[in-house]
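Grab a pencil and get ready to read a protein model piece by piece. Try each exercise yourself before you peek at the solution.

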Amino acid sequence: MPELRKDPIIGRWIIISAERGKRPTDFIIEKNSVRGGFCPLCPGNENTTPPEVLSYSNTADRPSNKPGWEIRVVPNKYPALIIEGDLNKEGEGLYDKMNGIGAHEVIIETPDHNETFTHLPPARMIRVFRAYRDRITDLGKDPRFSYVMIFKNYGAAAGASLEHSHSQLIALPILPRMITSELEGSLSYYSYKERCIFCDIIRQEINQKIRLVAQNELFIAIAPYAPRSPFEMWILPKKHSSSYISMDENHFVALSEIFSECMLRLDKCIPNVPYNFVLHSAPLRSDSLSHYHWHFEIMPKLTMIAGFEWGSGFYINPIPPEEAARYLRDAEI
Amino acid sequence: MKKILLVDDEDSIHLLYREELEEEGYEVHSALSGEEALGKLKIISPDLVILDINMPGMNGIDALRQIKESNPNLPVILSSAYQEFKQDLSTWASDDYIVKSANLDELKAAVKKHLS
């Protein structure tokens, strides 16, 4: 019997169609074709990108925009939103509009063209997470921006056109609908119970263990109760915190370790699976929020989003999260 | 006279662009596909390439990566009817990205900039 499940935070419904009985090996993953040729993200080609806004290097005297970097963050050469200008918010009858102001940047996660994020050792993955923090902190000083969305696409099916490992950020003058829904949903729960819903989820998942994928002293990784995608995982700090940028160094170390573990487990279950991950954090410049809890959502791209999903907002997932978590826990890494 | 290699699978684009660019004093050569463009690069040795993206066979983005691999300093202007290809980071290998329009002022300005 299929099962309808409701996400407790935003109220989104999903259908678990477990009778389809899918196992990880049932998913056919198209091999990432290597396009070859010139890569604008590789060391030596720094002149093909806009000037870097941040870089980390092991060499103290490395000149900007030259090889020798470990992490490099550059504005998008052809951005979806532009950084210069005013918002000029206005109405057109009942419709609202404003200028397309924003920052669109690319975080180049490694100088090695063939190294995937999944296979970055935690000691290097940590730099990616620090780069996210540093860019959010910097862009948060711009009063035009309300939110910085950090995301990664891996594999052509998940929207990545270039194989060189990178993630992206877009600073927005408005809050994305998804974040607003989470803020509203978690505030509603908090108003009723005076507890953070994410903290309650963490407590329940640690107790029940059936959807637990991994944990360490500071973080937990779970298959959420109502996942949109097979093998969807959320990574959350165990201690309540609404903003990613408030993380201390110990948390960065622990985050890198659990993130690396989760990615390796996923890769073991479904090698080279395309995926997206997204950082969900409190709006810029918001004080610490008692009802909200920052986290990462990792969504393997294994199912089609088609008419039913667009029309209903429902997702159909052929693997219950309890089974997905078991496969992930059992994967030998 | 500066030489431009115009790569597009649509004849109407060749007719329009060639006339306007020749009026500007450029020598215009044509290729109808990515594969043909790669072949003509060695023969013509153009000073600049205008490259469509959505073409049968080798598309413009794959052609761009091959062109820049062997000719990193050759300016390439991507010219497409679609904005959304800008989301493909491979387009960063290009020197400009112009959305096709009946008014070629933007394209001509980009050509002038990269050939000056």
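Here come some ground rules and then five exercises with worked solutions.

This is a predicted model, where local features need pLDDT of at least 70, side-chain atom pairs count only at pLDDT 80 or more, and totals for chains, interfaces and linings use all residues. Residues are numbered from 1 along each chain as its sequence is written, chains are lettered from A and ligands numbered from 1 in the order in which they are written, and side-chain values use heavy atoms, with hydrogens and water left out.

**Exercise 1. Take stock of chain B: list its elements and check its radius of gyration against the globule rule.**

Step 1: Sort the elements. You should find four helices and five strands in chain B. (Helices are DSSP runs of H or I with at least four residues, strands are runs of E with at least two, and both are numbered from the N terminus.)

Step 2: Put them in order. Starting at the N terminus, chain B reads β-α-β-α-β-α-β-β-α.

Step 3: Try the rule. For 116 residues the globule rule gives 13 Å, and chain B has a radius of gyration of 13 Å, so it is as compact as a globular protein of that length. (The radius is taken over C-alpha atoms, and the rule is 2.2 Å times the number of residues to the power 0.38.)

Step 4: Add the dimensions. The C-alpha trace of chain B spans about 30 × 30 × 25 Å along its principal axes.

**Exercise 2. Do the same for chain A, and add how much of chain A is buried.**

Step 1: Chain A contains six helices and 15 strands.

Step 2: A compact globule with 333 residues would have a radius of gyration near 20 Å, and the 20 Å of chain A agrees with that. Its C-alpha trace spans about 60 × 50 × 40 Å along the principal axes.

Step 3: In chain A, 54% of the 333 residues count as buried. For chain B, the buried part is 50% of 116 residues. (Buried means under 20% relative accessible area, exposed means over 50%, and partly exposed is in between, using a 1.4 Å probe and protein chains only.)

Step 4: Look at contacts with a separation of 6 or more. Residues 24 or more positions apart supply 69% of these in chain A and 60% in chain B. (A contact means heavy atoms within 4.5 Å.)

**Exercise 3. Which residues touch the most other members of the largest nonpolar core?**

Step 1: Know what to look for. A nonpolar core is a set of buried Ala, Val, Leu, Ile, Met, Phe, Trp, Tyr and Cys residues joined through side-chain atoms within 4.5 Å.

Step 2: Pick out the best-connected members. The largest core has 60 residues, and Tyr244(A), Phe259(A) and Phe296(A) touch the most other members. Helix α4 of chain A (residues 249–269) gives the largest share of this core, nine residues.

Step 3: Zoom in on Tyr244(A). Beyond its neighbours within four places in sequence, its contacts include Phe129(A), Ile136(A), Leu255(A), Trp294(A) and Phe296(A).

Step 4: Find the other core. A set of 31 residues lies apart from the largest core, and its members include Ala31(B), Leu51(B), Val76(B) and Tyr97(B).

**Exercise 4. Where do Lys209(A) and Ser45(B) sit, and what is the sign of phi in Lys209(A) and in Ser45(B)?**

Step 1: Recall the usual case. Most residues other than glycine have a negative phi.

Step 2: Place the first residue. Lys209(A) is in the loop between α3 (197–208) and β10 (212–215) of chain A. Its phi is positive, about 70 degrees, although Lys209(A) is not a glycine.

Step 3: Place the second. Ser45(B) is in the loop between α2 (34–44) and β3 (48–51) of chain B, and its phi is also positive, near 50 degrees.

Step 4: Check the exposure. Lys209(A) is partly exposed at 46% relative accessible area; Ser45(B) is partly exposed too, at 46%.

**Exercise 5. Is Arg211(A) buried or exposed, and what does it touch?**

Step 1: Arg211(A) belongs to the loop between α3 and β10 of chain A.

Step 2: Its relative accessibility is 5%, so Arg211(A) counts as buried.

Step 3: Leaving aside neighbours within four places in sequence, Arg211(A) has contacts including Arg5(A), Glu205(A), Tyr225(A), Glu322(A) and Arg329(A).

Step 4: Compare sequence and space. Arg211(A) and Ala324(A) are 113 residues apart in sequence, yet their C-alpha atoms are 8.0 Å apart.
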